[in-house]
Amino acid sequence: MYSPMEIEGIDYEIKPMNCPFHIAIYKNSLKSYREFPIRYAELGTVYRYERSGTLHGLLRVRGFTQDDAHIFCREDQIEDEILKVLEFTLFILKTFGFHDYDIYLSTRPEGFVGSLENWERSTDALKRALDGKGLSYSIDPGAGVFYGPKIDIKVKDSLKRAWQCSTIQVDFNNPERFDVTYRGSDGKEHRPIMIHRALMGSLERFFGILIEHYAGAFPVWLSPVQAAIITIAERHADYASAVASRFKAKGIRTELDIENEKIGRKIREATIRKIPYLVIIGDKEISEEKLSVRRRNGETLAPMTEKDFLELIQDHINLRR
Ligand SMILES: [Zn+2]
């Protein structure tokens, strides 16, 4: 049952979506056509009631954060804005390593609001943006939101399972309902178009999909721990600590393992945790001032100086390989 939470005599409610708040920010002052497009973006945490039986790891949760944005623009700006959002979306997906995805254009559903003319115009704008980028897509007839057509992108993970992530929606209903206006070049009040967009969708879900996609073996730039420094014996601890401090100073997420354990076991543990680089330090490494480096796939690299290793790992991080 619905019940607000009372704190010091004021009713608080939980936020299910970000849109109305961006509208409130927009309406805080008069807007002119000269300022358009106006783009608001937010990492907005929202809450939805999902039945306990449908909750599933990070993939379906009750509180999540959306990389949400709302763009207020004129009708003649829709296509250009959609194109920019599309480019941004594809850049994000590519950067995170998703190269396989299906694009859907969802058209007018039965219980729609707004004029047929508006629907047609904005559906055409979405089509032209997709065609302009040379993207192939399927039409999902009648699957649009009641307030406007949309583009959905389903990414495929390494097991070819499709996940709904990015969405771009044209909306001409909410500006009407919330009485959103701008002053046009004719000096009169007009209704803007609102575009809702999320690139990753829910961050929790997106990271859930990423974990599945890489089976936990993240590229170096995404790895929670990028390098583990492992000592062979207790007497190597001071030297290893100094190396770890220098790694951290260079921004490498480093973990130091100076536990008094067998080296084989320490390597196995770090490998199971899929840490991309293991740096092993013993007598030889200290006397020759060279690092022994192993990749998580077991591959051993030729001994290298600390400087060379830092260059190698930073290269991987910067190129997001
Ligand atoms: Zn929205």
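This report walks through the nonpolar cores, the zinc site and one helix of a predicted model.

## Ground rules

Local features need pLDDT of at least 70, side-chain atom pairs count only at pLDDT 80 or more, and totals for chains, interfaces and linings use all residues. Residues are numbered from 1 along each chain as its sequence is written, and side-chain values use heavy atoms, leaving out hydrogens and water.

## Two nonpolar cores

Let's start inside. The largest nonpolar core (buried Ala, Val, Leu, Ile, Met, Phe, Trp, Tyr and Cys residues joined through side-chain atoms within 4.5 Å) holds 58 residues. Buried here means under 20% relative accessible area, with exposed over 50% and partly exposed in between (1.4 Å probe, protein chains only). Ile-82, Phe-96, Ile-151, Phe-247 and Phe-309 have the most contacts inside this core. Helix H2 (residues 78–95) gives the largest share, 7 residues; helices are DSSP runs of H or I with at least four residues, strands E runs of at least two, numbered from the N terminus. Because domain 1 (11–214) and domain 2 (220–319) both contribute residues, the core lies between them; the bounds come from an automatic or database domain assignment.

A second, separate core has 10 residues, among them Tyr-26, Tyr-40, Phe-72 and Tyr-182.

## The zinc site

Cys-19 (SG), His-70 (NE2) and His-196 (ND1) coordinate the zinc ion at 2.0 to 2.3 Å. Donors are N, O and S atoms within 2.8 Å of the metal (3.2 Å for Na, K and Ca); water is not among the atoms, so sites may look incomplete. Cys-19 in helix H1 (residues 19–26) and His-196 in strand E11 (residues 193–202) are 177 residues apart, and both are buried.

## Helix H5

The buried residues of H5 include Leu-203, Phe-206 and His-213. Ala-215, which follows H5, has a positive phi near 50°.
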